[in-house]
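Hello,

Here is the structure I promised to send over. Have a look at it first, and then read on for my notes on what turned up.

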Amino acid sequence: DDATQNLYRMVKRYRDNLPEALKPKMLKDTQEKSIYANDSDYSLGTAASPDVGRSMTVQKFHGSEVAFWKYSDEIQTGVMQTIADLPGTEIMFESTAKGPIGMFHQGVMDVIKGVDKRFINVFIPWFWTDRYRIPLEPGEKLVCDEEEATLVEAYGLDDEQLKWRRWKI
């Protein structure tokens, strides 16, 4: 689907722009799988299928926008069976928020409560990147409401970040 093709293009762009000394020798490259001469491969799948991730062995797994997967429970069950508990193994479930429902939310809550000690939560807030700001017009002044004043105090947000936040809301 479109999301899988977008991910493939990002990976291809990254790989194509590596310095020659770091580029792995490729044996096969399709939009679903890249096979390298060093006996490794890279696969992409879509969460539109409940069977994605089955019948393979995985050392590094990155599930993107997990909170929005239609078959999140089925995929997680299948994928987790393919990942060995070995040094160097990485499992990453990332997502933007969808609210207090579903497998992703439950997983985050389980880690926070100490129920699941296999994972760690990493939260990267939107305001850490300079991309999420809108420049003020000449002479424009923002007046913060109570909620915004709390955010400014807690996170050091500036007016361009607040303007972007208002636009997104």
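**What I found**

In β5, the residue that bridges to K60 is E90. Please keep in mind as you read that this is a predicted model. K60 belongs to strand β4, which covers residues 60-63. Strand β5 takes up residues 90-93, and the two strands run parallel, joined by four bridges. The faces of β4 are not alike: F61 and G63 sit on the covered face, while K60 and H62 sit on the uncovered one. Helix α2, residues 72-82, completes a right-handed β-α-β unit together with β4 and β5.

There is an antiparallel pair as well. Strand β1 (residues 26-29) and strand β2 (residues 33-36) are held by three bridges. They form a hairpin, with three residues between the two strands. Within this pair, D29 of the chain has S34 in β2 standing opposite.

Stepping back to the whole chain, you will find five helices and five strands. Going along the sequence, their order is α-β-β-β-β-α-β-α-α-α. The radius of gyration is 20 Å, whereas a compact globule of 169 residues would come out near 15 Å. Along the principal axes, the C-alpha atoms fill a box of roughly 60 × 45 × 30 Å. Buried residues make up 24% of the 169 in the chain. If you take the contacts with a separation of 6 or more, 51% of them are between residues 24 or more positions apart.

Now to the helix I spent some time on, α5, which spans residues 159-168. At its N-terminal end, D158 acts as a cap, with a side-chain oxygen 3.1 Å from the backbone nitrogen of E160. The buried residues of α5 are Q161, L162, K163, W164 and R165, and they pack against α4, residues 146-155.

Which of its neighbours does R165 touch, leaving aside those within four places in sequence? The contacts are W126, E147, E148 and L151. With E147 there is also a polar contact, side chain to side chain, at 3.1 Å. And is R165 itself buried or exposed? Its relative accessible area is 14%, which is under the 20% cut-off, so R165 counts as buried.

W126 brings us to the aromatic residues. Six aromatic pairs were counted in the model. In one of them, the ring centres of W126 and F127 lie 5.6 Å apart and the planes stand at 85 degrees; that angle is over 60 degrees, so the pair is edge-to-face. The two residues fall into separate burial classes: F127, with a relative accessible area of 18%, is buried, but W126, at 26%, is partly exposed. The ring pairs also connect up into a cluster made of W126, F127, Y132, Y155 and W164.

If you open the model, W164 and R165 might be a good place to begin. W164 is one of the buried residues of α5 and a member of the aromatic cluster, while R165 is in contact with W126, another member of that cluster.

Happy to go through any of this with you.

Best wishes

Terms used:
Residues numbered from 1 in each chain as written. Predicted model: local features only at pLDDT ≥ 70, side-chain atom pairs only at ≥ 80, totals over all residues. Heavy atoms only, no water. Buried < 20%, exposed > 50% of the residue type's maximum accessible area, 1.4 Å probe, protein only. Pairing = 2+ DSSP bridges. Right-handed = clockwise from strand over helix to strand, strands pointing away. Polar contact = N/O pair within 3.5 Å; in protein donor to acceptor, adjacent residues only side chain to side chain. Contact = heavy atoms within 4.5 Å. Phe/Tyr/Trp six-rings, centres within 6.5 Å; stacked < 30°, edge-to-face > 60°. Rg over C-alpha atoms; globule rule 2.2 N^0.38 Å.
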